[in-house]
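Colleague: Got a minute to walk me through this one? I'd like to quiz you on it.

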Amino acid sequence: MDWLNASDGRIETNVPLADLTWFGLGGAAACVVHPRDEAHLSDLVRRASARNIPLRVLGGGANLLVCDAGVDGIVVRLTEPSFTAVEFDGTAATAGAGAELMRFVKDSVGRGLAGLEGLAGIPGTVGGAIRMNAGGRYGEIQSHVIEARVVLPSGQIETWSRERIGFGYRHSRLGGAIVVSARFQLTAEDPDTLRARFQEYWRAKKESQPLAAHSAGCIFRNPPGQMAGRLIDRAGLKGRSVGRARVSERHANFIVAEEGATATDVLRLVEEIRCAVREKFGIQLETEIEIWEPDRQTCPV
Ligand code: EPU
């Protein structure tokens with residue numbers, strides 16, 4: 001990585017990614033870079049693209065499984081203050097991609113600004129939430145996004161409208177574009193009413209999901225007209241385990257990593273669940289989480 005230099009920002013090598021993900025699993029990143037600001041990120045992305053070096057962005061690590069072999073290339077973290085700032089102006093807000101989603105949601109609620117309270121309890125960063133269109137039964141982030149600033153693989157910086165971002169169910173059409181910040185439109189509401197709603201959503205999530213365990217949230221997307229959690233439950237898979245990875249007893253679409261689990265255990269369990277649900281219901285489950293595999297090797301399953 002001799003093409004990297006001090007002006008790219010803080011550079012770390014051989015960084016264990018398990019410490020940076022909610023699963024707490026997986027190998028190391030060859031190189032992690034914390035760019036100082038948008039201009040440095042743009043320059044870094046341009047040079048990595050020109051050299052065909054894979055570049056991944058690690059947000060809150062909440063929806064991610066890193067394979068045991070880790071990843072080559074560059075992992076970017078948007079941790080510097082220029083990427084984590086949140087500013088409110090009237091009923092609008094601008095949040096950096098590296099800002100913690102829950103902090104942003106709580107700040108909005110505290111100011112009596114409605115719109116994001118349905119995201120109560122969703123971990124991760126604002127950038128990751130936009131890429132995946134984070135949400136659930138109480139709403140999705142897309143409903144309140146006006147536009148996002150993005151860095152393209154060429155290094156070009158653009159502002160994309162909500163329409164161009166192309167939100168879908170746990171999906172966007174951002175592709176290789178990296179979100180650096182986003183602008184939101186919220187609505188003024190009585191703070192007490194709003195706080196009560198936020199707390200109700202938060203409680204519902206805590207009651208139905210194993211939030212204290214090491215997991216990556218829901219593993220599979222809900223197939224059209226179906227609920228993955230219900231299908232896995234009805235296939236009798238709650239409590240099924242491979243190694244130290246186990247299907248949660250509380251919510252069947254969660255895989256919980258117990259002490260000593262490996263990413264390979266999780267991947268094998270994912271395949272077992274897929275096979276069982278396909279055999280019983282004829283439905284093919286697709287993963288919702290992002291899976292990082294090494295670029296030059298293959299994962300062991
Ligand atoms: N169900 C079962 N057994 C289970 C789990 C669920 O029968 O073990 C049934 C429930 O009784 C309910 C149905 O399945 O009738 C749906 O369950 P739930 O209300 O928990 O919603 P979900 O579709 O499983 C979605 C999101 C969650 C989000 C919740 C609540 C997906 C894949 N999941 O879950 O998002 O928190 O709604 O808003 O869309 C995530 O994306 O990581 C995530 C956790």
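What follows is a short back-and-forth on a predicted model.

Colleague: Let's start with the layout. Which domains is the protein divided into?

Modeller: Keep in mind that this is a predicted model. The C-alpha centres of domain 2 and domain 3 lie 28 Å apart. Going along the chain, the split is domain 1 (6-76), domain 2 (85-208) and domain 3 (228-292).

Colleague: And the largest nonpolar core, which residues in it touch the most other members?

Modeller: That core has 54 residues, and the ones touching the most other members are L41, F104, I130 and F184. Since domain 1 (6-76) and domain 2 (85-208) both give residues to this core, it lies between them. There's also a second, separate core of 29 residues, which includes A216, A228, L231 and A261. So much for the second one; back in the largest core, the names you asked for are L41, F104, I130 and F184.

Colleague: What does F184 touch, not counting residues up to four places away in sequence?

Modeller: F104 and I130 are on the list, and both are named with F184 among the residues touching the most other members of the largest core. F184 also touches H144 and T91. The full set is T91, A92, A93, A95, F104, L116, V126, I130, I141, H144, V145 and I146.

Colleague: Now the helices. Are α3 and α6 roughly parallel or antiparallel to each other?

Modeller: Two packed helices are described by the angle between their axes and the distance between the axes. Here the axes of α3 (residues 101-110) and α6 (residues 191-208) come within 9 Å and cross at roughly 150°. Angles over 145 degrees count as roughly antiparallel, so α3 and α6 are roughly antiparallel.

Colleague: How do the residues of that contact divide into nonpolar, polar and charged?

Modeller: On the α3 side you have M102, V105, K106, V109 and G110, and they meet L194, R195, F198 and W202 in α6. Sorted by type, the contact of α3 with α6 has six nonpolar, one polar and two charged.

Colleague: Staying in α6, is R203 buried, partly exposed or exposed?

Modeller: R203 lies in helix α6, and its C-alpha is 8.7 Å from that of G121, although the two are 82 residues apart in sequence. Its relative accessible area is 49%. Partly exposed runs between 20% and 50%, so R203 is partly exposed.

Colleague: What's odd about the phi of N133, and is N133 buried or exposed?

Modeller: Most residues other than glycine have a negative phi. N133, in the loop between α4 (126-132) and β9 (135-136), has a positive phi of about 50° although it is not a glycine. With 0% relative accessibility, N133 counts as buried.

Colleague: What is the relative accessible area of R170?

Modeller: R170 has a positive phi too, near 45°. R170 lies in the loop between α5 (162-165) and β13 (178-185). Buried means under 20%, and R170 is buried, with a relative accessible area of 16%.

Colleague: On to the strands. Which residues is V75 in contact with, leaving aside its neighbours within four places in sequence?

Modeller: V75 is found in strand β5 (residues 71-76) and counts as buried at 1% relative accessibility. Its contacts are A29, C31, V32, V33, R56, L58 and W292.

Colleague: Last one: what separates the C-alpha atoms of V150 and A182?

Modeller: V150 lies in strand β11 (residues 145-151) and is buried, at 0% relative accessibility. Among its contacts are W160, L174 and V180. A182 is 32 residues away along the chain, and the C-alpha separation is 8.8 Å.

Note on methods
Residues are numbered from 1 along each chain as its sequence is written. This is a predicted model: local features need pLDDT of at least 70, side-chain atom pairs count only at pLDDT 80 or more; totals for chains, interfaces and linings use all residues. Side-chain values use heavy atoms; hydrogens and water are left out. Domain bounds come from an automatic or database domain assignment. A nonpolar core is a set of buried Ala, Val, Leu, Ile, Met, Phe, Trp, Tyr and Cys residues joined through side-chain atoms within 4.5 Å. Buried means under 20% relative accessible area, exposed over 50%, partly exposed in between (1.4 Å probe, protein chains only). Contact means heavy atoms within 4.5 Å. Axes are lines fitted to C-alpha atoms, for helices over the stretch in contact, and angles run from 0 to 180 degrees between N-to-C directions. Helices (H or I, at least four residues) and strands (E, at least two) are DSSP runs, numbered from the N terminus. Angles under 35 degrees count as roughly parallel, over 145 as roughly antiparallel, 65 to 115 as roughly perpendicular and the rest as oblique. Ala, Val, Leu, Ile, Met, Phe, Trp, Tyr, Cys and Pro count as nonpolar, Asp, Glu, Lys and Arg as charged, and the others, Gly among them, as polar.
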